Amino acid sequence: VLKQKYIIYILFVIFFLVRIIGVGTDISNSDAARWHRRSLRFASSFASGNLAETYQRYHPGVTLMWIESFVSYGLTVYQQLFMDEVKTLENSTWYPITHGVSKVILTVIIGTLLLYQYALIKKLYGSEVANIYVFFVSLEPYMIGINRWFHLTSLENFLVFSSLLSLIFWSKQESTNLKNKYFIISAVFFGLGVLTKMSAGIMFIPLFLILWKRFGITKHFAKALAIYAFCGFATFFILFPAMWISPVTVISNMVLALFGSVKGEIRETV
């Protein structure tokens, strides 16, 4: 038992070290500055009550913007208390600091989701499988690289995989009570995933199939699907202020973006 504990402690230390060492002084991905600015506009629009303007992009990136809004607020308060002036993103000496802090916070959140996934995989498949999973997530080069970006992709993937694992764990229980916390947690994670990046919506297919396998085409299946969709949409709605004011506009923009997100840009040729 002690050996298993030491193994997972070491793996999580490795996970954080390879993602935090040099953070802020490493490359700033091309979209990072865009999401920093969008987050500032998101926070400003929310604070001023101009809720419709919290819609910044079709992605929609809301979870990342909430995280960055709190980070920016905290760093602004810090500057007001301990520095001679309040610097902005455009300041060449301040950008690496705010960018680095933002990525550390994002890494901590992703690491927490990984810990949650580890706990569920351990319950489902045992300690050895869970350790191997964390090992590969911690050291796989692409995962390290994408986790060190200030972007939506890592957060999206960790949220929707947490959603999938939660529903699998719920479906393995003898009594699949629709009020079971893992059923609700799965729906909330799914809503957060779509709030992060709408491509997370593709995960609805395996989630749908898990419910179908459990209940078949019955009234219980329809009820489970309805409750799941309601909880996921409620999460999406509550945390997206633009939805409170102009839900039709937000949803139509996102749907249109599925077919024309790069129209008029150089990427459409690709």
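The axes of α3 and α4 come within 10 Å and cross at roughly 130°. That makes α3 oblique to α4, oblique being what remains once angles under 35 degrees (roughly parallel), over 145 (roughly antiparallel) and 65 to 115 (roughly perpendicular) are set aside. Axes here are lines fitted to C-alpha atoms, for helices over the stretch in contact, with angles from 0 to 180 degrees between N-to-C directions. The crossing of α3 and α4 is right-handed, that is, the near helix is turned clockwise from the far one by less than a right angle, and left-handed if anticlockwise.

This is a predicted model in which local features need pLDDT of at least 70 and side-chain atom pairs count only at pLDDT 80 or more, while totals for chains, interfaces and linings use all residues. Residues are numbered from 1 along each chain as its sequence is written, and side-chain values use heavy atoms, with hydrogens and water left out.

On the α3 side, Leu-64, Ile-67, Glu-68, Val-71 and Leu-75 meet Thr-98, Val-101, Ser-102, Ile-105, Leu-106 and Ile-109 of α4, contact meaning heavy atoms within 4.5 Å. By class, the contact of α3 with α4 holds eight nonpolar, two polar and one charged residues. Ala, Val, Leu, Ile, Met, Phe, Trp, Tyr, Cys and Pro count as nonpolar, Asp, Glu, Lys and Arg as charged, and the others, Gly among them, as polar.

Helices are DSSP runs (H or I, at least four residues) numbered from the N terminus. The expected span in the table is 1.5 Å times one less than the number of residues.

| Helix | Number of residues | Expected span | End-to-end C-alpha distance |
|---|---|---|---|
| α2 | 17 residues | 24 Å | 24 Å |
| α3 | 21 residues | 30 Å | 30 Å |
| α4 | 31 residues | 45 Å | 43 Å |

In α3, the buried residues (under 20% relative accessible area with a 1.4 Å probe, protein chains only; exposed is over 50% and partly exposed lies in between) include Val-62, Met-65, Ile-67, Val-71 and Gln-79. The cover over the buried residues of α3 includes α2, α4, α7 and α8. In α2, Ala-32, Trp-35, His-36, Arg-38, Ser-39, Phe-42 and Ser-45 are buried, and the buried residues of α2 pack against α3, α4 and α11 (241-245).

Two helices are followed by glycines with positive phi: Gly-49 comes after α2, with phi near 85°, and Gly-126 comes after α4, with phi near 100°. The loop between α2 (32-48) and α3 (62-82) contains Pro-60. The peptide bond from His-59 to Pro-60 is cis, with omega near 5°. Most residues other than glycine have a negative phi, and most peptide bonds are trans.

A second helix pair is α7 (residues 153-171) and α8 (residues 181-196), whose axes come within 8 Å and cross at roughly 160°. That makes α7 roughly antiparallel to α8. Their crossing is left-handed. Among the residues making the contact are Leu-155, Leu-159, Phe-169 and Trp-170 of α7 and Tyr-182, Phe-183, Phe-189 and Phe-190 of α8. The residues of the α7 and α8 contact divide into 12 nonpolar, six polar and one charged.

Ser-138 belongs to helix α5 (residues 127-139). Ser-138 is buried, with a relative accessible area of 0%. Leaving out residues up to four places away in sequence, Ser-138 touches Leu-11, Phe-15, Val-18, Arg-19 and Ile-144.
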